[in-house]
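Me: Could you take a close look at one part of this model for me? I would like to hear about the salt bridges and what surrounds them.

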Amino acid sequence: MSLSERKKEINCRRKRRAQLAKMKSKLATLDAAGKALYAEKLRRMTPGAEQLIRDWGLED
């Protein structure tokens, strides 16, 4: 039996939240190139990426 569309959305949202938490925990060890790479990953991953990039200080 397949998942309903709402369940798919919820699963994607939970996975995205877990990925963001993991990314945020690794921020302290990144250099400038790594931060730029993370900013690009965030832009592909979530619609609210620009706010996260500002909050996390990835780009000025």
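What follows is a walk through one part of the model, with its surroundings.

Reply: Happy to! Please keep in mind that this is a predicted model. The structure holds five salt bridges, and a good place to begin is the network that links Glu 40, Arg 43, Glu 50 and Glu 59.

Let us start with Arg 43. Its salt bridge with Glu 50 has the closest N and O atoms 2.8 Å apart. Arg 43 is partly exposed, at a relative accessible area of 30%, and Glu 50 is partly exposed as well, at 39%. The side chain of Arg 43 also meets that of Glu 59 in a salt bridge, again with an N to O distance of 2.8 Å. Because Arg 43 belongs to helix H2 and Glu 59 to the segment after H3, this pair ties together parts that are 16 residues apart in sequence. Glu 59 has a relative accessible area of 36%, so this residue too counts as partly exposed.

Now for a neighbour of this network, Ile 53. This residue lies in helix H3 and is buried, with a relative accessible area of just 3%. Leaving out residues up to four places away in sequence, Ile 53 touches Arg 43 and Glu 59, along with Ala 39, Leu 42 and Leu 58. Two members of the salt-bridge network are therefore among the contacts of this buried side of the picture. By contrast, the C-alpha atoms of Ile 53 and Leu 3 are separated by 32 Å, with their positions 50 residues apart along the chain.

The loop between helix H2 (32-45) and helix H3 (49-56) is worth a stop, too, as it holds Thr 46. Thr 46 is buried, because its relative accessibility is 12%, below the 20% cut-off. Apart from neighbours within four places in sequence, Thr 46 is in contact with Arg 16 and Leu 52.

For another salt bridge, turn to helix H1. There, the side chains of Arg 6 and Glu 9 meet with an N to O distance of 3.3 Å. The two residues are three apart in helix H1, so about one helical turn separates them. Both are partly exposed: Arg 6 has 47% relative accessibility, and Glu 9 has 44%.

One last item concerns charge on the surface. Lys 7, Arg 13, Arg 14 and Arg 17 form a positive surface patch, and one of these residues, Arg 13, is found in helix H1 (residues 5-25).

Terms used:
Residues are numbered from 1 along each chain as its sequence is written. This is a predicted model: local features need pLDDT of at least 70, side-chain atom pairs count only at pLDDT 80 or more; totals for chains, interfaces and linings use all residues. Side-chain values use heavy atoms; hydrogens and water are left out. Patches are made of residues with over 30% relative accessible area and no salt bridge: like charges are joined within 9 Å, nonpolar side chains (Val, Leu, Ile, Met, Phe, Trp, Tyr) within 5 Å. Accessible areas come from the Shrake-Rupley method with a 1.4 Å probe; for residues, only the protein chains shown count as cover. A salt bridge is a side-chain nitrogen of Lys or Arg within 4 Å of a carboxyl oxygen of Asp or Glu. Lys and Arg count as positive and Asp and Glu as negative; His and the chain ends are not counted. The place of a charge is taken as NZ of Lys, CZ of Arg, CG of Asp or CD of Glu. Helices (H or I, at least four residues) and strands (E, at least two) are DSSP runs, numbered from the N terminus. Buried means under 20% relative accessible area, exposed over 50%, partly exposed in between (1.4 Å probe, protein chains only). Contact means heavy atoms within 4.5 Å.
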